Amino acid sequence: MTDTLRKVFIKTYGCQMNAYDSARMADTLAGEGFETTENADLADLVLLNTCHIREKAADKVYSDIGRLRRLKNERASVGNPLLIGVAGCVAQAEGAEMMRRAPAIDFLVGPQNYHHLPQLLAQAKAGKRPVDVDFAVDDKFSALPSPLPKAIAARGPAAFLTVQEGCDKFCSFCVVPYTRGAEMSRPLARIIAEAQRLASAGVREITLLGQNVNAYHGAGADGRPASLGRLLFALARQVPQIARLRYTTSHPCDMHDELYAAHRDLPQLMPYLHLPVQSGSDRMLHAMNRGHTRGDYLRLIERMRQVRPDIAFSSDIIVGHPGESEADFDDTLSLVEEVGYAACYSFKYSGRPGTPAAAHDDQITEAIKSERLARLQERLDAHASAFTASLVGMILPVLLERQDQRTNRLIGRSPFLIPVNVDAPSDLLGHIVAVHIRKAAPYHLSGDVAANATDILSPASHAMAQ
Ligand code: 5AD
Ligand code: SF4
C-alpha cells in the first residue's frame, strides 16, 4: 500500500447518531489528509458506518461488502489498492466473526473507538486487519478533533450534536444496549462549546442526539448532573445565535419537569417531539420491558399538549413482537387514533441475536406481521395527511437548508420537521423565512415566501396563522 491515500467514501446506514459519527470520522480523516467523495469508484478508502437494529439493515451491509470486494479486486489488479473499513453497530456486534465472514474487510472499528481511526488505518495499510471493538476507556468525544468551520458550513445550516450515548433500558427486542453500551452523557460545558463552534460557522438549528436523549445527565457547571431540560435552557441562554433546537430520541420514562418547562418557555425549542411508544397494549409494553403503561404514555402526551398546545408528536411502533395477539394489535391501532401522530415510523419485529425477545417460542409469522404493518401504515398515513393538510394556508417559519439540483427549488424544514419545498432565490439558503404554505402531501409541504419576510431573526417557532 502506498502513502498516497487521498479520498474516502463514507456510507452511513441507520440512525442520526450514525450520521453524526460519520461526520466526526470525516473530520478525523481530514486530519490524515483525506477528503470525502460521494463516489466509491474514486475512493482509496471506503468506510461503512453500519446499523444492526433490524436484520435487513445488517444484511444490506454484507451485500454492499460483496460488491466492494469485486471493486477491490479490480483495483488491486491495476495497482490502485482500495481499503475497506467497517464501523458502527454491525462491527461492534459481530467483531472478529465479521472479519472471517468477509475477508475483503481491512479493519473494524466499534462506535466507541472512532478516535483510534488513524492508528487503525496505519495498521490496515501494513496488512494487519485490526479489530477495535472493546469499549474504549478514553472518551471518543474529547479525543475526536473539532471540525473546521469550512467543514461545518459545507454540511448546511442544520446540524446534529450528540450529547448522550448508550442505553440502560434493555427493551426486550433491542440490540442498542449491547452495541452502544451503557449510558453516558457528555459534560454540559463541552456541549455548549461545540454548539458555539457550530453557531459561529453559520449553523442555525441544532438537533441534540442520544439513544435516550432525555436521560441526559451530564455534569453541569456545578459538577452535579444536569437534565436535558437544563441543557436546553443553557444552550438557549449561552448560544443565542442558534434559532432552533430539537432533540431525539426520547424515552417515556425519562420525561421530566425541566423538559416540560423548556417546551413551555423556550421559543427556540421546536414544537415537535419524537416519543416512541412501540405498542399500545399494556401486555406487550410489559413483555417489551418498556417500564410504562399505555395510560402513562397518554398522560405524558396530554401534559406536553398543555404546556405547548401546537406540539406535533411522532413515534416508533413495532408490530409482531413475540406473543402479540390480534387484541394487542388493536390496542396499538386505537392508541394511534388517540394520539394522532404527525409522523410515525413503523417496523415489523425483527429477532436480533442475543436479545431476550429473540429466544421466545411464541414468534409471530411473517405473513401476520406484514398484514398488521400494512393495516397500521394505512392509519399512520391518514394521520400524516390530515396533519399536513391542516397546515395549508398558514405562514410557517422555514429554515432553508439546501437546493434541489433538479428543480432548483429550495428545501427547508417547518417547525414540525416536515420538509417544505419553496420557490425562492438561492441567496436565502441558511435563512429562516416565513413561508405561505400552499400545498400538502402526506409527508411534505410546498409554498412560497410570504411578502416582506426574508429572515426571521428572532427564533419564532409558533405557527403564525393567517
Ligand atoms: N425489530 C424491529 N424494530 C426494532 N426497533 C428496535 N429494535 C427492533 C427490532 N428488533 C425499532 C424501535 C426503535 C427504532 C429505532 O427501531 O421501534 O424505537
Ligand atoms: Fe433500544 Fe429500548 Fe434503549 Fe430505545 S430504550 S435504545 S428501544 S433498549
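## A guided tour of the model

Select residues 389–451. The C-alpha atoms at the two ends of this span lie 22 Å apart. The span is 54% strand and 2% helix. An unreviewed UniProt entry annotates residues 389–451 as "domain: TRAM". Keep in mind throughout that this is a predicted model.

**The sheet**

Next, show the open sheet of 6 strands. Its order is β2-β1-β3-β4-β5-β6, and the pairing is parallel. Which strands stand at the edges? They are β2 (35–36) and β6 (131–132). Each has a single partner strand, so one side of each is left without a neighbour in the sheet.

Zoom in on β1, residues 7–12. This strand runs parallel to β2, and 2 bridges join them. Pick lysine 7: it stands opposite glutamate 35 in β2.

Now add helix α1, residues 16–30. Helix α1 packs on the sheet and touches β1, β2, β3 (45–50) and β4 (83–87). The direction of α1 makes about 155° with that of β3. Then add helix α2, residues 55–77. Helix α2 also packs on the sheet, touching β1, β3 and β4. Its direction makes about 175° with that of β3.

**Threonine 179**

Move to helix α8, residues 176–179, where you will find threonine 179. Is this residue buried or exposed? Threonine 179 counts as buried, at 2% relative accessibility. Beyond its neighbours within four places in sequence, threonine 179 contacts His52, Cys89, Gln92, Ala93, Pro111 and Phe135.

**The cysteines**

Select cysteine 15 and cysteine 51. Why is there no bond between them? The cysteine 15 sulfur has its closest cysteine sulfur in cysteine 51, 6.3 Å away, which is too far for a bond. The structure holds 0 disulfides. Cysteine 15 is partly exposed, at 37% relative accessibility. Cysteine 167, in contrast, is buried, with a relative accessible area of 9%.

**The nonpolar cores**

Nonpolar side chains tend to be buried together in soluble globular proteins. Here, the largest nonpolar core has 55 residues. Highlight Ile206, Leu208, Leu228, Leu231, Leu232, Tyr247 and Tyr341, which touch the most other members.

Centre the view on tyrosine 247. Leaving aside neighbours within four places in sequence, which residues are in contact with tyrosine 247? They are Thr207, Leu208, Val213, Leu228, Leu232, Leu259, His263, Leu269, Leu273 and Met304.

For the last stop, select Val46, Leu68, Ala91 and Ala102. These are among the 24 residues of another core, which lies apart from the largest one.

Conventions
Residues numbered from 1 in each chain as written. Chains lettered and ligands numbered in written order. Predicted model: local features only at pLDDT ≥ 70, side-chain atom pairs only at ≥ 80, totals over all residues. Heavy atoms only, no water. Core = buried A, V, L, I, M, F, W, Y, C linked by side-chain atoms within 4.5 Å. Buried < 20%, exposed > 50% of the residue type's maximum accessible area, 1.4 Å probe, protein only. Contact = heavy atoms within 4.5 Å. Pairing = 2+ DSSP bridges. Helix = DSSP H or I, 4+ residues; strand = E, 2+ residues; numbered from the N terminus. Axes fitted to C-alpha atoms, helices over the stretch in contact; angles between N-to-C directions. Disulfide = S-S within 2.5 Å. UniProt positions renumbered as here; feature names shortened; annotations may be inferred.
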